[in-house]
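Subject: Structure handover

Hi,

As promised, here is the structure for you to look over. My notes on what turned up follow below it.

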Amino acid sequence: MKSPADMRVIQIEITNACPKRCSNCTRFCGHHTEPFFMDFETFKTAVQSMKGFKGVVGIMGGEPTIHPEFEKFVKYFKENFGEDDPSTACYKPTSSFVNHILADVYNVVCCNQRGLWTSVTPRYYQHFELIQDTFGYQLVNDHSQTSMHETLMVTRKELGIPDDEWVKLRDKCWIQNLWSASITPKGAFFCEIAGALDATFNGPGGWKIEPGWWNRKPADFGEQLKWCEMCSAALPMPKRNANEEVDDVSPVWHEKLVQIDSPKLKKGLVNEFDPKAYKPEEHDVINERTPYMKDQTQRLVKGQQVLLPQSVLSDAWLTGRLDESGATRIISDLKGIERLDFVVSEEEAHCKLAEAAGVQAVRTAGRGGREVLAEIRERSKCRDWVLLMRDSLPPGGFFHLLKACVFNPGCLYWRYTGNDSVGLQFFNVRAFSLKQGADLFDLAAAYPSQKVISLEHDNVSAYRVTLARNIYRRALKRIKWPLKWMARKIGLLPPPSGGAPMPEGGAPTPTATVATAV
Ligand code: SF4
Ligand code: SF4
């Protein structure tokens with residue numbers, strides 16, 4: 001067993017609700033009649049209690065992004081723990097988000113001390129910018145591919161394992177030794193599974209959440225060790241594919257699940273584990289950190305779809321530089337490919353051309369860009385992406401990019417298209433930079449420079465995180481973070497004490513309205 005102080009990760013579990021029902025979930029999702037949602041005061045206490053911890057503090061669930069106050073929690077976390085690290089934020093478009101993530105997860109402790117564990121839901125997409133700006137370490141798994149989860153819901157006594165043998169196995173338990181202690185709304189626990197068991201079976205709660213609780217040694221774990229008696233993680237046990245959504249439960253566990261009125265049990269999503277048929281020689285004791293998945297790129301397959309632009313409002317911005325035939329060509333070509341929602345122009349002639357073609361016009365003569373942007377948002381009810389095309393058509397292949405790459409809603413993407421001014425701008429109305437409004441005709445002024453991204457290519461393959469790039473980023477992290485750690489140790493750098501606040505304002509839910517679906 002390990003002191004939490006020596007762990008690489010300690011989790012703050014903000015909910016045990018999850019839209020999924022994976023087999024043998026370590027949080028026993030599906031068995032709670034009432035999942036918990038941590039309150040903000042407890043969360044603040046939990047974050048403050050972790051000051052001084054050298055490893056990663058993870059925000060976890062269940063599925064943490066579905067907590068109704070996720071944004072508020074993460075903003076607080078960002079400002080009060082770890083430090084900002086824009087090098088891990090996904091600002092450039094990527095055709096394989098999982099590779100972007102994998103570049104940063106190598107060696108858990110080489111990061112900004114902030115972690116997120118998630119199955120990547122539509123709520124992740126909603127909070128994409130905040131998540132990238134906050135978490136230097138993300139462990140994602142959408143569980144759409146094979147992911148083998150160990151049987152947990154068996155007691156060692158049912159298997160006839162004697163005390164002396166059991167204590168040796170228990171003390172080497174892979175979850176406690178390789179992963180995490182945790183904080184739930186009911187206190188702090190020496191092991192994340194003990195915390196989940198306490199929440200599931202209405203246990204007595206954990207230790208008081210107070211500064212330094214995590215300095216306890218194994219000799220101090222005391223009563224909490226009783227939870228191990230309910231758990232088979234330390235034993236050689238069979239595994240089951242997570243997306244079968246069936247739990248293997250022993251008779252003792254079955255009885256306990258009846259007592260708590262388990263919804264998953266009622267639905268019949270359990271398989272009776274027969275202790276008499278147990279053959280330990282057919283299984284291994286786990287001693288690696290992620291035993292459930294060999295090909296790490298399989299962590300996000302269906303989840304990638306959730307992160308692609310969900311809807312795009314296409315606006316042609318036609319200036320006085322265009323004559324009538326040029327304006328007509330752009331309107332007609334964009335209409336022909338169903339990529340025109342609004343024409344924005346100060347030229348009455350262009351507006352009339354648009355209306356004659358059945359396209360809505362936004363007249364800008366004598367008006368400022370803030371007012372115009374506000375009008376477009378109001379009239380379109382846009383909640384997601386806007387493509388603004390100035391006097392030009394996107395190059396061939398560009399629209400395919402929008403269907404195949406993950407873009408950060410917090411960034412402004414732009415490119416020239418054939419003349420000396422910006423031709424295309426692609427932005428999301430949910431960007432924190434736009435919360436206070438912005439000048440549509442000078443959008444870049446509203447964004448911090450690192451979030452203004454030039455799109456230099458049209459082919460999707462140019463936005464792949466290659467193996468070489470991945471290795472380079474991992475190597476850089478292995479140098480950067482130990483150097484920082486040493487600089488802090490000898491007093492050249494102050495200890496991390498939180499990052500920059502994000503602008504105020506909630507992120508509206510990205511639902512498609514009149515925008516062109518991509
Ligand atoms: S995604 Fe699956 S394993 Fe993760 S918390 Fe949800 S049900 Fe459990
Ligand atoms: S046996 Fe279960 S409760 Fe005990 S340390 Fe291992 S995972 Fe935690």
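Let me start with strand 1, which runs parallel to strand 6 (residues 180-184) and is joined to strand 6 by four bridges. Within that pairing, I12 has I183 of strand 6 as its bridge partner. Before going further, please keep in mind that this is a predicted model.

Strand 1 also pairs with strand 2 (residues 56-60), again in the parallel sense, over five bridges. There, I10 stands opposite V57. Is strand 1 buried or exposed? Five of the five residues of strand 1 (residues 9-13) are buried, so this strand is largely enclosed by the rest of the structure. In a regular strand, side chains alternate between the two faces of the sheet. Here V9, Q11 and E13 point one way while I10 and I12 point the other, and all of them are buried.

Next, the domains. The chain is divided into domain 1 (1-151 + 162-231 + 287-302 + 466-504) and domain 2 (308-460). Their C-alpha centres lie 39 Å apart. The contact between the two draws on 14 residues from domain 1 and 15 residues from domain 2. On the domain 1 side, helix 5 (residues 128-134) gives the largest share, three residues. By class, that side of domain 1 has eight nonpolar, three polar and three charged residues.

Another part worth opening in your viewer is an open sheet of seven strands, with the order 13-12-11-14-16-15-17 and mixed pairing. Its edge strands are strand 13 (360-363) and strand 17 (452-454), each pairing on one side only. From one strand to the next, the twist averages 25°.

Within this sheet, strand 11 resembles what I described above for burial: seven of the seven residues of strand 11 are buried, so the strand is largely enclosed by the rest of the structure. Both of its faces are covered, with V312, S314, A316 and L318 on one side and L313, D315 and W317 on the other. Strand 11 pairs in the parallel sense with strand 14 (residues 385-390) over six bridges, and D315 has L388 as its bridge partner in strand 14. Strand 11 also pairs with strand 12, parallel again, over four bridges, where W317 stands opposite V344.

Moving on to the edge, strand 12 (residues 342-345) and strand 13 pair in the parallel sense over four bridges. V344 turns up here too, opposite V362 in strand 13. Two helices belong in this picture. Helix 13 (residues 348-356) lies across strand 11 (312-318), strand 12 and strand 13, and runs at about 170° to strand 12. Helix 14 (residues 369-380) packs on the sheet and touches strand 11, strand 12 and strand 13, with its direction at about 155° to that of strand 13.

Finally, the ligands. What surrounds ligand 1? The shell consists of C18, K20, R21, C22, C25, R27, C29, G61, G62, E63, S119 and H143. By class, these are four nonpolar, four polar and four charged residues.

Around ligand 2 sit R170, C173, I175, Q176, C191, I193, A194, W227, C228, C231, A233 and A234. Helix 7 (174-178) and helix 8 (192-200) are the elements that give two or more residues to this shell. The shell around ligand 2 divides into ten nonpolar, one polar and one charged.

Happy to talk any of this through.

Best wishes

Technical notes:
Residues numbered from 1 in each chain as written. Chains lettered and ligands numbered in written order. Predicted model: local features only at pLDDT ≥ 70, side-chain atom pairs only at ≥ 80, totals over all residues. Pairing = 2+ DSSP bridges. Axes fitted to C-alpha atoms, helices over the stretch in contact; angles between N-to-C directions. Contact = placed C-beta atoms within 7 Å. Domains from an automatic or database assignment. Nonpolar A, V, L, I, M, F, W, Y, C, P; charged D, E, K, R; others polar. Near = placed C-beta within 6 Å. Buried ≥ 20, exposed ≤ 12 C-beta atoms within 10 Å, placed from the backbone.
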